[in-house]
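Got your viewer open? Let's walk through this one stop at a time, selecting a few residues at each.

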Amino acid sequence: MKSLSPATLSPPFGKYSHGLAAGPLVVTSGQLALGADGKVPDGITAQAELCFAAVLAILAEDGLDASDVMRFSAFVTQRADMAPYMAVRDRVCADLVVKPASTLMIVSGFTRPEFLVEVEAIALRRA
């Protein structure tokens, strides 16, 4: 296995990798909207965009992109945030011929109250 931790991302909160590559499979840890400057943007749309940017940066570190994603899983803290989150996800996937599977769950919260969304991915390197 190979750890994936792009320099453009804030370090993980604990003793884990932002992502792992093992053979053709790449998985990411859940990415919260924490900018490299340590700031959390306001609003679900800005946070979702930052989460997807982080996931895509992890994939890019191993030569993959959104077209290699098999599944996005996401977690939001409010039902009202489902539609704005899905709009960002749909923009990320707009040009993909095959859309990835997607799961969205509503959770009670994250490690800090300002976090509104978390996104993770499973990707497959195609031969």
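Start by selecting Asp-65 and Ser-67: their side chains are joined by a polar contact of 2.5 Å. Keep in mind as you look that this is a predicted model. Asp-65 sits in the loop between H1 and S5, and with a relative accessible area of 42% it counts as partly exposed. Now add Pro-12 to the selection. Along the chain, Pro-12 and Asp-65 are 53 residues apart, and their C-alpha atoms are separated by 21 Å.

Step back along the chain to Gly-63, which follows H1 and has a positive phi, near 85°. Then colour H1 itself, residues 44–61. This helix has 18 residues and reaches 26 Å from its first C-alpha to its last, close to the 26 Å expected at 1.5 Å a residue.

Which residues of H1 are buried? Select Ile-44, Gln-47, Ala-48, Cys-51, Phe-52, Ala-54, Val-55, Ile-58 and Leu-59 and you have them. Look down the axis: these residues cover an arc of only 155°, which puts them on the same side of H1. There's a general pattern to keep in mind here: an α-helix has 3.6 residues a turn, so residues three or four places apart point the same way.

Next, show the aromatic rings. How many aromatic pairs are there? The count comes to three. Zoom in on Phe-52 and Phe-72: the ring centres are 5.0 Å apart and the planes are at 80°, so this pair is edge-to-face. It links distant parts of the chain, with Phe-52 in helix H1 and Phe-72 in strand S5 (residues 69–76), 20 residues apart. Phe-52 is buried at 1% relative accessible area, and Phe-72 is buried at 0%.

Keep Phe-52 on screen and add Tyr-85. Here the ring centres are 5.8 Å apart and the planes are at 20°, so the pair is stacked. This one also bridges distant parts of the chain: Tyr-85 is in helix H2 (residues 82–93), 33 residues from Phe-52. Tyr-85 is buried too, with a relative accessible area of 0%. Put Phe-52, Phe-72 and Tyr-85 together and you have one aromatic cluster.

Stay with Tyr-85 and show what surrounds it. Beyond its neighbours within four places in sequence, Tyr-85 is in contact with residues including Ile-44, Ala-48, Leu-104, Val-117 and Val-119.

Now widen the view to the largest nonpolar core, which has 28 residues. Those with the most contacts inside it are Val-26, Leu-59, Phe-72, Tyr-85, Val-117 and Val-119. H1, S5, H2 and strand S7 (117–124) each supply at least two residues of this core, and H1 gives the most, with eight. There is also a second, separate core of six residues; among them are Leu-34, Val-40, Phe-110 and Phe-115. As a general point, nonpolar side chains in soluble globular proteins tend to be buried together.

For the last stop, select His-18, in the loop between strand S1 (2–4) and strand S2 (19–22). Is His-18 buried or exposed? At 6% relative accessibility, it counts as buried. Its side chain makes a polar contact of 3.3 Å with the side chain of Gln-31. Leaving aside neighbours within four places in sequence, His-18 is also in contact with Leu-4, Pro-12, Val-27 and Ile-58, among others. Two of these have come up already: Pro-12, paired earlier with Asp-65, and Ile-58, from the buried set in H1.

How values were computed
Residues are numbered from 1 along each chain as its sequence is written. This is a predicted model: local features need pLDDT of at least 70, side-chain atom pairs count only at pLDDT 80 or more; totals for chains, interfaces and linings use all residues. Side-chain values use heavy atoms; hydrogens and water are left out. Rings of Phe, Tyr and Trp (its six-membered ring) pair if their centres lie within 6.5 Å; planes under 30 degrees apart count as stacked, over 60 as edge-to-face and the rest as tilted. Helices (H or I, at least four residues) and strands (E, at least two) are DSSP runs, numbered from the N terminus. Buried means under 20% relative accessible area, exposed over 50%, partly exposed in between (1.4 Å probe, protein chains only). A polar contact is a pair of N or O atoms within 3.5 Å; within protein, one must be able to donate a hydrogen and the other to accept it, and residues adjacent in sequence count only if both atoms are side-chain atoms. Contact means heavy atoms within 4.5 Å. A nonpolar core is a set of buried Ala, Val, Leu, Ile, Met, Phe, Trp, Tyr and Cys residues joined through side-chain atoms within 4.5 Å. The expected span of a helix is 1.5 Å times one less than its number of residues. The arc is that of the directions from the helix axis to the C-beta atoms.
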